[in-house]
Amino acid sequence: MARMKFLCDDERCIECNACVTACKNEHEVPWGINRRRVVTIDDGIPSEKSISVACMHCSDAPCAAVCPVDCFYTTENGVVLHDKDICIGCGYCFYACPFGAPQYPQEGAFGARGKMDKCTFCAGGPEEDNSALEVEKYGRNRLAEGKLPLCAEMCSTKALLAGDGDIVADLFRSRVVRRGGRSDNWGWETAYKD
Amino acid sequence: MKLLTLLFAVLLLSACYEDTDVTFHEAGIYKGSEDKHAISAEERADVLEQRFKRVQTDR
């Protein structure tokens, strides 16, 4: 069984933010919500590195562990999704997430916190695949169309990889062997136990 | 007149109807909608593997 994972190769990421733009455009994510973002470490000095970060779809997802209404579920492909009809927008998952993935749109005149929104690995939500309701609530369901997340497919340097964890790891390993140096699959130790 | 008032009251109150069908929470149990797919997880994995090899491998 495939276990979907993200991997960002920090030696390849050029901080172009195409992944961020692709995600926002594909799912028509509202202003102020970033399902994916590029983080730069040591900006301006020789050890500068950039990493594209979103929900990593963790094995033992801390967001699901702290959710007081249990709105999270994990698909057979290992993608962590949630039901917005159950979510109460409490914000606990934001505090629990080591990657800062959960986002909350402002709702109402006083900017109250709305239902949580996060990366879906382009797998939509529990609604019928690519129905108007699913697209409106969660964005497009590319996995149902046999496609992988657009952020990774759009990455010009192929820094961001998305797919079955074994295949992604094999590809990354072959890169490390070819170029030498240390293997740094950022975030994997935190996110994945299997 | 009384009948008309009653009819008016019924119509007015029916507009205030609120769905009381709530989901009762049970700790650790997901009670949201079921996520159904047209193809099985195995078939989907094969399709996505082919897609990965076509789109994301190094050039």
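A residue is counted as buried if 20 or more other C-beta atoms lie within 10 Å of its own, and as exposed if 12 or fewer do. In this predicted model, A:Phe121 has 28 C-beta neighbours inside 10 Å and therefore counts as buried. The residue belongs to the loop that runs between strand E7 (112-113) and helix H4 (132-138) of chain A. Its phi is near 55°, a positive value in a residue other than glycine. Most residues other than glycine have a negative phi. A positive phi, of about 50°, is also found at A:Glu28, which is not a glycine either. A:Glu28 lies in the loop between helix H1 (18-27) and strand E2 (37-41) of chain A. In contrast to the buried A:Phe121, A:Glu28 is exposed, because 10 other C-beta atoms are found within 10 Å.

Chain A as a whole contains seven helices and eight strands. For its 194 residues, a compact globule would be expected to have a radius of gyration near 16 Å; the computed value for chain A is 17 Å, which agrees. The C-alpha trace of the chain spans about 50 × 40 × 30 Å along its principal axes. Of the 194 residues, 41% are buried. When contacts in chain A between residues at least 6 apart in sequence are considered, 57% of them join residues at least 24 apart.

Strand E1 of chain A (residues 4-8) is mostly covered, with five of its five residues buried. The side chains alternate in direction: A:Met4, A:Phe6 and A:Cys8 point one way from E1(A), while A:Lys5 and A:Leu7 point the other way, and all are buried. E1(A) is paired with E8(A) in the antiparallel sense, over five bridges. Within this pairing, A:Phe6 stands opposite A:Ala162 of E8(A).

Strand E8 (160-164) of chain A, together with helix H6 (165-179) of the same chain, is also where the buried residues of helix H2 of chain B pack. H2(B) comprises 15 residues (41-55), which at 1.5 Å a residue should span 21 Å; the C-alpha atoms at its ends are 20 Å apart, in agreement with this. Its buried residues are B:Arg44, B:Leu48 and B:Phe52. Viewed down the axis of H2(B), these residues fall within an arc of 75°, so they line one face of the helix. An α-helix has 3.6 residues a turn, so residues three or four places apart point the same way. B:Glu42, B:Glu43, B:Gln50, B:Lys53 and B:Arg54, on the other side of H2(B), are exposed.

The contact between the chains involves 24 residues from chain B and 31 residues from chain A. On the side of chain B that touches chain A, nine residues are nonpolar, eight are polar and seven are charged.

Helix H1 of chain B (residues 2-14) has none of the burial found in H2(B). Of the 13 residues of H1(B), the number buried is zero, so the helix lies largely in the open. In length, H1(B) should span 18 Å at 1.5 Å a residue, and its end C-alpha atoms are 18 Å apart, which agrees.

Definitions and conventions
Residues numbered from 1 in each chain as written. Chains lettered and ligands numbered in written order. Predicted model: local features only at pLDDT ≥ 70, side-chain atom pairs only at ≥ 80, totals over all residues. Helix = DSSP H or I, 4+ residues; strand = E, 2+ residues; numbered from the N terminus. Expected span 1.5 Å × (residues − 1). Arc of directions from axis to C-beta. Contact = placed C-beta atoms within 7 Å. Pairing = 2+ DSSP bridges. Rg over C-alpha atoms; globule rule 2.2 N^0.38 Å. Nonpolar A, V, L, I, M, F, W, Y, C, P; charged D, E, K, R; others polar.
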